[in-house]
Amino acid sequence: MPSELFATLLKAGFKVGAGDLGENISTAGLALEWMPLGTLIELGGTAIVELTGLRTPCVLIDRFQLGLKQQVLSSAETGPPFKSGVLGVVRAGGMVAAGDTARARLPSSSFRPLPAV
């Protein structure tokens, strides 16, 4: 989940921090929801996670804070429908700690440009 989402939600009156929505990893500076399937996210020295889809917010998010689900639905007509992170599969394990570098490696078959962050 992009940590920038926490600041966006705070501006809308929702106090949400790392781990509150069940995410395992929070990143900064990566437009995760815009990356194509198959993108590899390298975390720390050896861990690699392959992006497999968008994370779909469900009714449980409103049980955490009422109205939160509406905040993570995108109102844009283009782009990802949700702003609640991505799903991934661990392709290589390793130690990951707060402050580690996260790097994106796009799949070679991807032609979609990424927006500036």
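Start with the sheet. Select strands S1 to S4: they form an open sheet in the order S3-S2-S1-S4, with antiparallel pairing. S3 and S4 are the edge strands, each pairing on one side only. Direction ignored, neighbouring strands of this sheet are turned by 30° against each other on average.

Keep in mind that the model is predicted. Colour by pLDDT before going further: the mean for the protein is 87, and 92% of its residues reach 70 or more. Among the elements, S1 has the highest mean pLDDT, 96, and helix H2 (residues 60-64) the lowest, 86. Where pLDDT is low, the predicted coordinates should not be read in detail.

**Stop 1: strand S1**

Select residues 40-43, which are strand S1. In a regular strand the side chains alternate between the two faces of the sheet. On S1, Leu 40 and Glu 42 point one way, whereas Ile 41 and Leu 43 point the other way. All four of these side chains belong to buried residues.

Now add S2, residues 47-54. S1 and S2 run antiparallel and are joined by four bridges. Ile 41 has Val 49 as its bridge partner in S2. Follow the chain from S1 to S2 and you pass through a hairpin with three residues between the strands. Stop there at Gly 44, whose phi is positive, near 65°.

On the other side of S1, show S4, residues 102-105. S1 and S4 also pair in the antiparallel sense, over four bridges. Opposite Leu 40, in S4, stands Arg 105.

**Stop 2: the charged pairs**

Show the side chains of Glu 42, Arg 103 and Arg 105. How are these three linked? They are joined in a network of salt bridges. Take the pairs one at a time.

- Glu 42 with Arg 103: the side chains meet in a salt bridge, 3.2 Å from N to O. Glu 42 sits in S1 and Arg 103 in S4, 61 residues apart, and the pair links distant parts of the chain.
- Glu 42 with Arg 105: the closest N and O atoms of this salt bridge are 3.3 Å apart. Arg 105 lies in S4 and Glu 42 in S1, so this pair ties together parts that are 63 residues apart in sequence.

Switch on a surface to compare the members of the network. Is Glu 42 buried or exposed? Glu 42 counts as buried, because its relative accessibility is 17% and the cut-off for buried is under 20%. Arg 103, at 34%, counts as partly exposed. Arg 105 counts as partly exposed too, at 39%.

Next, move to the pair of S3 and S2 and select Arg 91 and Glu 50. Their side chains meet in a salt bridge, 2.6 Å from N to O. Arg 91 is in S3 (residues 86-92) and Glu 50 in S2, 41 residues apart in sequence. Arg 91 is exposed, with a relative accessible area of 52%. Counted by the same rule, the salt bridges come to three.

**Stop 3: the nonpolar cores**

Leave the sheet and select Met 1, Leu 5, Phe 6, Leu 9, Phe 14, Val 16, Leu 21, Ile 61, Leu 68 and Val 72. These ten residues make up the largest nonpolar core. Helix H1 (4-11) and helix H3 (68-72) each supply at least two residues of this core. Which helix gives the largest share? H1 does, with three residues.

Centre the view on Leu 9. Leaving aside neighbours within four places in sequence, Leu 9 is in contact with Phe 14, Val 16, Leu 68, Gln 71 and Val 72.

Another core lies apart from this one and has nine residues, among them Leu 30, Ile 41, Val 49 and Leu 51. Selecting Ile 41 and Val 49 takes you back to the bridge partners of S1 and S2.

**Stop 4: Lys 15**

Finish in the loop between H1 and S1, where Lys 15 is placed. Lys 15 is exposed, with a relative accessible area of 69%. Its contacts, leaving aside neighbours within four places in sequence, are Leu 10, Asp 20, Phe 64 and Gln 65. For a distance check, draw a line from the C-alpha of Lys 15 to that of Leu 68: the two are 10.0 Å apart in space and 53 residues apart in sequence.

Notes. Residues are numbered from 1 along each chain as its sequence is written. This is a predicted model: local features need pLDDT of at least 70, side-chain atom pairs count only at pLDDT 80 or more; totals for chains, interfaces and linings use all residues. Side-chain values use heavy atoms; hydrogens and water are left out. A salt bridge is a side-chain nitrogen of Lys or Arg within 4 Å of a carboxyl oxygen of Asp or Glu. Buried means under 20% relative accessible area, exposed over 50%, partly exposed in between (1.4 Å probe, protein chains only). Two strands pair if DSSP finds at least two bridges between them. Axes are lines fitted to C-alpha atoms, for helices over the stretch in contact, and angles run from 0 to 180 degrees between N-to-C directions. A nonpolar core is a set of buried Ala, Val, Leu, Ile, Met, Phe, Trp, Tyr and Cys residues joined through side-chain atoms within 4.5 Å. Contact means heavy atoms within 4.5 Å. pLDDT is the predictor's confidence in each residue, from 0 to 100.
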